[in-house]
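These are my notebook entries on a structure I looked through at the desk. I set down each item in the order in which I looked it up.

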Amino acid sequence: MLPTTLTRGAAALCFTAALAFGASTTTGFTTGNLQLKSAGPLAFGPDGILFIGDSVAANIVAVDTRDTKPTASAGAIDVRGVNQKVAALLGVAPGDVIINDVKVNPISKNVYLSVSRGRGPDAIPVVLRLDAAGKITEVPFDNVPHSVAAIPNAPNAVPGGRNPRLDTITQMAYVDGRLLVAGLSNEEFSSNLRTIPFPFQSVANGASVEIFHGSHGRFETNSPVRTFVPYTIQNRPYIVAAYTCTPLVTIPMSDLKPGVKVKGTTIAELGAGNRPLDMIAYKKDGHDFILMANSAHGVLKLSADHLETYKPILAQTEPAGVPFEHIRDLAGVKHLTSLDNGNALILSDNNGTQDLRSIPLP
Amino acid sequence: MIVRFCAAAALTVFLAAAQTPSIHLDNGSFRVAGAPFDAEPAAGWSSVFRVYVSSADSQPVMGSYAVENGDLVFHPRFPIARVAYRAVFAPPGIGPIAAIFDPPPGPKPSTRVEQIYPTADVLPANALKLYICFSAPMSRGEAWSHIHLLDSEGRQVKLAFLEIEQELWDPDNRRLTVLFDPGRIKRGLVPALQDGLPIREGQTYTLVVDIGWHDGQGVPLAEGFRKTFRGGPVDRDLPEPRLWRIQPPLGGTTDPLVVDFPKPMDYALVQRMIHVPGVDGAVTISRNETEWRFTPATPWKPGSWTIVADNALEDVSGNRLNRAFDVDLKTASAAPSSKELVIPFTVR
């Protein structure tokens with residue numbers, strides 16, 4: 001059981017909340033059919049704009065969901081066997097769907113799921129919406145206002161032949177007019193954190209930023225960021241990011257410029273054999289926290305007050321840095337996202353059965 | 001009443017007499033014939049006719065309805081899959097009629113692992129990547145339960161790989177990139193200090209791809225694959241291009257330009273990160289990824305040419321031409337900032 005003494009109503013740090021962009025939000029949008037080849041990570045921008053990461057097509061699509069009816073707080077969500085329900089709805093066996101990501105529209109509090117119908121190269125990308133009544137409907141791809149940002153790919157080894165290179169998008173977040181996109185190449189090992197101005201420009205689709213990781217103040221690696229969360233430290237925008245090689249770092253947003261050599265400041269070492277999967281930032285009882293789902297360590301709650309006061313970790317022999325606690329009651333969490341001011345939404349997996357449910361922020 | 005069909009073979013079989021409603025699977029749509037469908041019920045056609053994945057009894061399949069040539073037709077939103085469907089017609093006043101449509105038999109296993117790169121039988125202890133290449137597209141989402149690294153006694157090496165949920169496939173799902181855990185390779189991190197390198201020098205390992213992995217059609221592999229290799233010394237050296245041996249071709253021929261490397265290079269990158277400006281041709285990689293051969297489309301013209309290599313080209317340990325995977329800032333000299341390296345050669 002989760003602690004029951006938690007209070008709701010704390011103001012969550014929500015960088016993807018609707019902003020007063022007005023008409024400019026959909027500048028450059030055209031109405032037509034989406035041509036997705038895959039539906040991976042999701043993120044919400046202002047005014048109900050949904051970003052869909054399409055790794056196979058090397059695109060990010062911004063869709064105007066028109067899902068903008070405000071709801072202050074979401075009701076309780078508890079969909080047991082959501083993968084089985086989705087499979088039945090899409091007409092396939094439960095093993096033939098993959099729920100790739102889960103995000104909540106910060107305005108309407110409706111839940112969006114990106115799904116692969118099938119597991120082979122012909123898998124059909126689908127985005128589903130779960131409303132407060134528990135009804136699951138398809139987000140239409142036909143005749144919708146949208147805009148596309150292409151992710152530049154490396155040139156083909158064999159002109160005209162199949163290009164095996166692919167950047168797999170692992171995480172996206174919208175921050176103050178920019179979409180941040182983390183990805184991993186299936187060929188070169190390099191950082192690939194891209195910042196893309198939104199509304200998308202017709203020519204400049206953002207630039208990849210080289211990010212390095214140092215340890216012991218001595219060894220330095222060009223390190224891909226796998227997952228991250230926007231965060232504010234001393235009124236300055238940062239990202240808290242997890243590298244593929246485990247450490248948790250802070251990176252000032254102002255550093256994310258092409259040509260700048262960016263090195264994250266290590267604030268936590270979470271130990272061996274673990275992969276951070278998803279993070280959210282929130283405030284509760286006047287304190288800042290980061291909740292992090294991990295492959296091996298389960299869900300961790302990091303005390304994130306005054307991150308600027310932590311001395312960067314330069315040498316270590318054991319997990320160190322920002323203090324954290326294990327939330328033991330949450331097992332098998334694959335996806336973690338903010339639901340409303342007092343609650344998070346988790347997708348957990350128990351031997352192939354996946355549950356989608358809201359939890360009070362711990 | 002429940003009647004069972006094989007979807008592939010019995011698309012037009014009637015349940016009973018012509019007056020009895022019957023359910024058919026016809027070109028991917030489910031059709032009820034033999035009943036009047038004049039007006040849609042107030043609760044919609046879904047109140048009288050639903051199609052389910054046979055194993056799911058509560059959530060009907062998404063789709064749309066139409067009355068076509070006097071029949072009620074359900075068009076699934078997505079193409080029918082290789083799964084059993086149960087269609088239930090339950091109009092008021094008549095007992096429900098159900099039909100189960102079994103999927104046609106699946107194809108026999110035929111997909112195989114074609115090759116695992118690096119192909120050498122000695123891998124540096126800090127090897128960074130493997131590429132597993134298949135003869136046909138594979139399924140996503142199950143890789144990590146079918147790839148096993150075993151030590152010389154057959155015990156699984158734990159946490160050897162970076163098990164990324166998204167899985168780093170190529171767009172065709174035919175080549176999977178497997179990263180050894182960078183946290184164990186990069187010096188000074190907790191995983192490296194606690195667990196050490198995934199591969200130990202002098203030890204023998206077997207990489208096993210088991211037969212249970214499903215291809216893109218959901219069919220298991222025709223056979224598993226084993227690659228045995230020995231751990232070699234750690235390699236943190238740059239792949240020095242000055243040590244590359246270049247064999248220029250003769251003018252007037254389409255003989256290959258050959259570049260031999262003193263150590264294996266990354267199989268994927270070496271194919272696309274070296275080129276000869278102004279010359280079209282085909283690249284082949286051989287000799288355990290230590291040889292790059294470029295055969296021009298038209299005969300070489302005598303004169304001065306250049307080989308251009310992208311400095312992002314890596315060896316199998318992730319060391320680039322101008323930057324080691326794991327730079328020791330106390331000893332490393334400043335890396336050249338140029339993107340490319342140019343090597344002249346002469347065709348006589």
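**Entry 1: T168(A).** I first asked whether T168(A) is buried or exposed. In this predicted model, T168(A) has a relative accessibility of 6%, and because the cut-off for buried is under 20%, I recorded T168(A) as buried. I located T168(A) in strand β11 of chain A, which covers residues 167-175. I then listed its contacts, leaving aside neighbours within four places in sequence. From chain A, T168(A) touches S55(A), A182(A), G183(A) and L184(A). From chain B, T168(A) touches Q166(B), E167(B) and L168(B).

**Entry 2: L168(B) and its sheet.** I followed the contact L168(B) into chain B. The bridge partner of L168(B) is T177(B), in β14(B). Strand β14 of chain B spans residues 175-179, and 2 bridges join it to β13(B) in the antiparallel sense. I noted that these strands belong to an open sheet of 4 strands in chain B, in the order β9-β11-β14-β13, with antiparallel pairing. Its edge strands are β9 (113-117) and β13 (168-169) of chain B, each pairing on one side only. As a reminder to myself, strands of a sheet pair through backbone hydrogen bonds, either parallel or antiparallel.

**Entry 3: β21 of chain B.** Which strands did I find paired with β21(B)? Strand β18 of chain B (residues 257-260) is joined to β21 of chain B (residues 291-296) by 4 bridges, and the two run antiparallel. In β21(B), E291(B) stands opposite D260(B). Strand β20 of chain B (residues 281-286) also pairs with β21(B), antiparallel and over 6 bridges. Here R293(B) in β21(B) stands opposite T284(B). The hairpin of β20(B) and β21(B) has 4 residues between the strands, and I noted that R287(B) takes a positive phi near 50° there.

**Entry 4: cavities.** I counted 5 cavities of 30 Å³ or more in the structure. The largest has a volume of about 70 Å³. Which residues line the largest cavity? From chain A I listed F189(A), T221(A) and N222(A). From chain B I listed E314(B), G318(B), R320(B), R323(B), A324(B) and F325(B). By class, I entered 3 nonpolar, 3 polar and 3 charged residues for this lining.

**Entry 5: confidence in chain A.** I checked the pLDDT of chain A, which averages 84, with 81% of the residues scoring at least 70. Over residues 1-23 of chain A, the pLDDT is below 50. I noted that this stretch has 55 contacts in the model beyond near neighbours in sequence.

Technical notes. Residues numbered from 1 in each chain as written. Chains lettered and ligands numbered in written order. Predicted model: local features only at pLDDT ≥ 70, side-chain atom pairs only at ≥ 80, totals over all residues. Heavy atoms only, no water. Pairing = 2+ DSSP bridges. 1 Å grid on protein atoms, 1.4 Å probe; cavity = no way out; pocket = protein on both sides within 12 Å on 5 of 7 lines; lining within 4 Å. Points joined across faces, edges and corners; volume = space filled by probe spheres on them. Nonpolar A, V, L, I, M, F, W, Y, C, P; charged D, E, K, R; others polar. pLDDT = per-residue confidence, 0-100. Contact = heavy atoms within 4.5 Å. Buried < 20%, exposed > 50% of the residue type's maximum accessible area, 1.4 Å probe, protein only.
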